Amino acid sequence: MKVIVFGATGMVGQGVVRECLLDGDIAEVLVVGRTSTGIENEKVREIVHADMHNLGPIAERFAGYDACFFCLGVSSAGMNEADYRRVTYDFTMAAAGTLVRESPNLTFVYVSGAGTDSSERGRSMWARVKGMTENALLAMPFRAAYMFRPAFIQPGKGITSKTPAYRVFYKLLGPLFPAVRALFPRFVTTTGEVGRAMLEVARHGAPKRVLESADIVELGRR
Ligand SMILES: NC(=O)c1ccc[n+]([C@@H]2O[C@H](COP(=O)([O-])OP(=O)(O)OC[C@H]3O[C@@H](n4cnc5c(N)ncnc54)[C@H](OP(=O)(O)O)[C@@H]3O)[C@@H](O)[C@H]2O)c1
């Protein structure tokens, strides 16, 4: 399989790239972002592109892929709706629109989050915008599209978040993750499980289009 990872410098993206490199069935990983991952590996190709809103100039490089794992995203903390929507909805739609034209047989996996609002009408701004993004992706003519809604994610060894507040959170609470996971197994997953679950749905599909944390854990263990 040939796969594309957006947001490969982030915590979730690093996790899925790691799983792709361990997987003998993955022939190529194209990583796309505004900053370089610095990864040197024969399976990895990289596009560093500043304007995620406009992928037109690089569109033809997205032809012939089997899956896209879209891990680009931001925390809504301190952001107004317009700015959060620009990154969350507009960037995702720009990528999805290009991919559906260039690789029509592709499976698109989007990382939203637990609590995403499919009605798009609730009180939580981030949940509405993620819901709008999920709904738009689900309506597009990909081979398949899956929405991943993790809750807490334990980063694998050496994997760090690009969000400073999350880095502090993981540093302080990281040692408690095993206990939290034992108490609330439905709400805690790992970057490794998320990555393996993405590969699983790209290969074999899943019974549902919207996958909550417990579904991700189950798929990641197959
Ligand atoms: N971490 C969690 O526990 C968790 C839980 C549930 C859902 N999620 C969701 O999972 C997704 C990924 O989260 P994460 O924890 O991996 O985040 P992260 O570590 O902060 O990484 C974010 C990624 O998005 C890219 N990005 C952010 N803003 C960008 C912009 N304006 N233009 C281009 N690229 C941009 C970053 O690229 P740069 O390296 O260039 O900054 C990085 O690759 C998010 O949508 C998040 O809401 C995360």
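Is Glu 200 buried or exposed? In this predicted model, Glu 200 is buried, with a relative accessible area of 12%. The setting of this residue is best approached through the chain as a whole, and then through the salt bridges.

The secondary structure of the protein chain consists of 7 helices and 9 strands. Its radius of gyration is 16 Å, close to the 17 Å that the globule rule gives for 222 residues, so the chain is as compact as a globular protein of that length. Along the principal axes, the C-alpha trace spans about 45 × 40 × 35 Å. Of the 222 residues, 52% are buried. Among contacts with a separation of 6 or more, 68% are made by residues 24 or more positions apart.

The accessible surface of the protein chain amounts to about 10,700 Å², and carbon and sulfur atoms contribute 53% of that area. As for charge, the chain carries 27 positive and 22 negative side chains, and the centres of these two sets lie 5 Å apart.

The structure holds 12 salt bridges. One of them joins the side chains of Arg 128 and Glu 81, with an N to O distance of 2.9 Å. Arg 128 belongs to helix α3 (residues 125-138) and Glu 81 to helix α2 (residues 81-102), so this pair ties together parts that are 47 residues apart in sequence. The two partners can also be described by their accessibility: Arg 128 is buried, at a relative accessible area of 18%, whereas Glu 81 is partly exposed, at 34%.

Glu 200 itself takes part in a salt bridge with Arg 222, in which the side chains meet at 3.7 Å, N to O. Glu 200 lies in helix α6 (residues 191-204) and Arg 222 in the segment after α7 (213-220), so the pair ties together parts that are 22 residues apart in sequence. Here the buried partner is the acid, Glu 200, at 12%, while Arg 222 is exposed, with a relative accessible area of 54%.

Arg 222 also meets the side chain of Glu 218 in a salt bridge, at 3.4 Å from N to O. Glu 218 is partly exposed, its relative accessible area being 43%. Arg 222 is thus paired with Glu 200 and with Glu 218, the former buried and the latter partly exposed.

A further group of charged residues completes this account: Asp 23, Asp 25 and Arg 203 are linked in a network of salt bridges.

Key:
Residues numbered from 1 in each chain as written. Predicted model: local features only at pLDDT ≥ 70, side-chain atom pairs only at ≥ 80, totals over all residues. Heavy atoms only, no water. Helix = DSSP H or I, 4+ residues; strand = E, 2+ residues; numbered from the N terminus. Rg over C-alpha atoms; globule rule 2.2 N^0.38 Å. Buried < 20%, exposed > 50% of the residue type's maximum accessible area, 1.4 Å probe, protein only. Contact = heavy atoms within 4.5 Å. Areas by Shrake-Rupley, 256 points an atom, 1.4 Å probe, with all protein chains shown as cover. Lys, Arg positive; Asp, Glu negative; His and termini not counted. Charge placed at Lys NZ, Arg CZ, Asp CG, Glu CD. Salt bridge = Lys/Arg side-chain N within 4 Å of Asp/Glu carboxyl O.
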